[in-house]
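Trainee: Hi! Could you walk me through this structure before my group meeting?
Mentor: Sure, have a look at it and then ask away.

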Amino acid sequence: MAGMFIHSSSYLAQSSTSIFSPAGTPSRWIFTLSMFVLSITGLIFLVVAGLLTYALIRYRHRNLLTYNEPTQIYGSNQIELAWTVIPALIVVMLFLTSSRVILATQDAKKPADAVDVVVVGHQFWWEYRYPKLGIVTANELHVPVSDPAHPTPTYLEMSSADLDHSFWVPRLAGKMDLIPNRVNTMWIDPDTAGLYLGQCAQYCGVQHAKMLLRVYADTPKEFAAWVAQQQKPAVEDPAVAEGREVFLHNACVNCHTITGTMANGRFGPDLTHLASRDTIASGAVVNNAANLKQWIDNPDSFKPGALMPPMHLNDHDLNAITAYLTTLH
Amino acid sequence: MADSVTSLSAVETIDVTPAEKPRQLFLEVVYDWITTVDHKKIGLMYIAYSLIFLVVGGIEAIIMRIQLAVPHNTFVSPEVFNRMFTLHGTTMVFFVGMPILFGFGNYLVPLMIGARDMAFPRLNAFSFWISALGGILLYYSFVGGVGLYGAGSAPDVGWFAYAPLTAKVFSPGHSTDYWTISILLSGIGSIGTALNIVATVLCMRCPGMKLNRMPLLSWLYLVTSSMVFIAISPLTAAQIMLLLDRYVGSHFFDTQAGGSAVLWMHFFWIFGHPEVYILVLPAFAFANEIIPVFSRKAVFGYPAMVAASVGIGFISMSVWAHHMFAVGMGAGANVFFVFSTMIISVPTGIKIFNWLATIWGGKIRFASPMLFSVGFLFQFLIAGLTGIMLSVAPFDWQLTGSYFVVAHFHYVLVGAILFMIFAAFYYWYPKVTGRMMSERLGKWHFWLMVIGFHMTFDFMHIPGLLGMPRRIYTYEPGRGWEIWNLLVSVGALIQAIATLIFIYNLVHSYYKGEKAGNDPWDAWTLEWSTASPPPAYNFATTPVVHSRRPLWDIKHPEDPDWNYE
């Protein structure tokens, strides 16, 4: 019960997704650059809008009775040259500053201690595979906090199983698309432990809106513990053997994997350590027994258009399978 | 030169009273409009058709804004929401923006260059009707799009329809086919009309109207129509490839069989970005006619204005991949597209500064056309500046696909283009109908529109900065997005009310408006020398011009423009 409380409160404690509160190197570079661009454009706005406002007030037509046409002026080469050259110089300056950040981000050298994660976008959920660590999980990405003195960034190798998606956690980095038949890479290096939220930013069908992202930046100790936990085989609790049987004798196994059982489907999220996650349905609802049961019974009640079908189980089987899944820590 | 002045005066003094019309039966009127090849009637049909779609697209926008007013709203289902944004985007770009601008072009270009019709009147009628069929097919998908039990009706792939969402496996049924074919047809219509405008401008100008004496509006329509050839062709090619993928089993975009999703993006955006300029150049065209007349001064730096327009036309062909900064292009490609995108702000800046200089030292009359033009100047300035932010690729990695981008391009499409379209309505309505639009309603329309517009699109930038992606049918509470979304929705309703006032004004003034006469604004271009409404033949005798402002020369024989050009 206490665990459930912690889970729900950590779910409700929404952290900011503002691009102006960066918590990693790429997003901080972008933040600095954006402040520079905002001040330049702000200045241009003040000057041009100021002149416009002045002209509109100063040259408004006042007296209808003594009307005569104003002096006709057809142009001036000097003035026009000035307002061609000055903007061109501003453009060159902005171009050089942007190029520097582009090259620094895209051509950054990968340190030896970097963590590798393969990210696969699916219709309305995220698959995360850690090839070096032998971990497969879904929807909640765990990465180590990166200490500037000894950086441990996480390199994400991204592709898609179906449609175009886009990985966007604003406080950590800009977007990178996940495109089928193509591998893109990006890197993140959160500098503070905590939960960073985001969501899919490329329209990918009915439930694009609830393809939420959760990145947990763990301290090195927490991360090591999480890795050790995820590397364990699935819990086999004899108390819920009946639920396991229900799971294994239904269509669940076609789409989901639980290591150590015959369930090895790849279409839906890996459930080996389902109970260790805070949320289900790609971050759409809190992971607790009641929600899990409702999700299995009718996924559309949380996420209309989700690709998981309603399982049409009787209440007894539904309770058994839910009890089984809640033991998969 | 004395001789030329008399020939110009002849334009004004010839008998232009329309012949008395015999009373027509209703069916005769309908037959007349359906079979017409008169550029003015075709222009008006284009405009009427786009106004209908403007209302339809507006209703779709309102449905989306009601759904997004509060988090976890259930006003519409996700499926319906997705159809709404697909139809809203497709409708507004292909069946409002393009046809309304072609409508004005059709009506105005021949009149302003002293021609009696377009170069190819029957091609003109064909282009209109094929575009109209496109729009009807798009909406027929509600009836005919299902095709398969459970597959959605209207298209729901988004207006840029990224592959592989459009593949048969992800979009079963026929809704995507209706989308594709409607755009194919409207593209054929656009190319026909563009060809017609280019031919008309190049070949049909009246005696004395050299290219460098053309009204800027004709110049901009020449540039925009030339761009249509280059921009629409790849779109048409891509739509045909998509149809082949869906029905013949080719694999251009079918990623499940090794096709490329990025290929579609390139095809779409090499159409899509020039398209923005295709839509905005006619808005500049209106500004170039209206701002000088209401400031009572010749446009400042005519040659620079022409050069900037042609420059924008060329550069706009090389900026498309700035829509793709987040698809994982190499650093070299990203750097190139940052540069090409930024450099387009130089000719655009020249335009804004030249309009400022046109106003400077003038005697500004704030009638409705000028009010909307002033709104345009400020809003286009802001749209340009947020455009610079988006051209900075790293900043764009954060902003692309978010509500910031949605706010930015609506600033261009509504704040600049739609505002200038409204200005053009107030300005040329007296010419078209012979009656003035109500100034009182015009002011209500303007101020409500300004309030609604800024409430909607200023505040819409903020949720984007706070991490809200576009095209989501609902959102999570607690991220600071709620209040902004609510304000945006209220603003949208205010804009809807403003638009209804405008439409009421259009209808009301047709019957009750003050008589306008030939030249109510004391303007300088040829269309104001003929009757309002102009007779079918436009000009009884072909006008002869000697400067960029033929009517100025007539009104100021002591100080004609040709002394200064």
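**Pockets, helices and contacts**

Mentor: Let's begin with a pocket. Helix H2 (26-35), helix H3 (39-68), helix H4 (78-112), helix H5 (121-144), helix H14 (403-433) and helix H16 (482-512) of chain B each give two or more residues to the lining of the second largest pocket. Keep in mind that this is a predicted model.

Trainee: Okay! Which helix supplies the largest share of that lining?

Mentor: H3(B) does, with 9 residues.

Trainee: And how much space lies in the second largest pocket?

Mentor: About 1,700 Å³. The lining has 43 residues, and those closest to the pocket's centre are B:Trp33, B:Lys41, B:Leu44, B:Val432 and B:Tyr510.

Trainee: How do the lining residues divide into nonpolar, polar and charged?

Mentor: For the second largest pocket there are 35 nonpolar, 2 polar and 6 charged residues.

Trainee: You mentioned H5 on chain B. What does that helix look like?

Mentor: H5(B) has 24 residues and spans 33 Å from its first C-alpha to its last, close to the 34 Å expected at 1.5 Å a residue. H5(B) also has a kink of about 30 degrees.

Trainee: Where is the kink in H5(B) centred?

Mentor: On B:Leu138.

Trainee: Switching topic: what about enclosed spaces, how many cavities of 30 Å³ or more are there?

Mentor: The count comes to 6. Here is the general idea: rolling a probe the size of a water molecule over the atoms shows where empty space is left. The largest cavity holds about 220 Å³ of space.

Trainee: Which residues lie nearest the centre of the largest cavity?

Mentor: B:Asn288, B:Glu289, B:Val299, B:Arg548 and B:Arg549, out of 16 lining residues. Helix H8 (residues 261-295) of chain B gives the largest share of that lining, 4 residues. By class, the lining of the largest cavity has 9 nonpolar, 2 polar and 5 charged residues.

Trainee: Nice. Now the two chains: how many residues of chain B are in contact with chain A?

Mentor: 100 residues of chain B, and they touch 84 residues of chain A. About 7,900 Å² is buried between the two chains, and carbon and sulfur atoms give 69% of that area.

Trainee: Which residues in chain B lose the most area to chain A?

Mentor: B:Trp397, B:Gln398 and B:Arg479, which together make up 10% of what chain B's side buries.

Trainee: Last thing, any backbone details I should look at?

Mentor: Try the peptide bond from B:Ala163 to B:Pro164, which is cis with omega near 0 degrees. B:Pro164 sits in the loop between H5 and helix H6 (175-203) of chain B. The bond from B:Ser532 to B:Pro533 is cis as well, with omega near -10 degrees, and B:Pro533 is in the loop between H16 and helix H17 (550-555) of chain B.

Trainee: And what is phi of A:Phe124 near?

Mentor: Near 75 degrees, a positive value in a residue other than glycine. You'll find A:Phe124 in the loop between strand S1 (115-122) and strand S2 (125-130) of chain A.

Key
Residues are numbered from 1 along each chain as its sequence is written. Chains are lettered from A and ligands numbered from 1 in the order in which they are written. This is a predicted model: local features need pLDDT of at least 70, side-chain atom pairs count only at pLDDT 80 or more; totals for chains, interfaces and linings use all residues. Side-chain values use heavy atoms; hydrogens and water are left out. On a 1 Å grid over the protein atoms alone, a cavity is a set of points where a 1.4 Å probe fits but cannot get out, and a pocket is an open set with protein on both sides within 12 Å along at least five of seven lines; lining residues have an atom within 4 Å of a point. Grid points are joined across faces, edges and corners, and a volume is the space filled by probe spheres set on the points. Ala, Val, Leu, Ile, Met, Phe, Trp, Tyr, Cys and Pro count as nonpolar, Asp, Glu, Lys and Arg as charged, and the others, Gly among them, as polar. The expected span of a helix is 1.5 Å times one less than its number of residues. The bend at a residue is the angle between axes fitted to the seven residues ending there and the seven starting there. Contact means heavy atoms within 4.5 Å. Buried area is the accessible area (1.4 Å probe) that two parts lose on being put together, summed over both.
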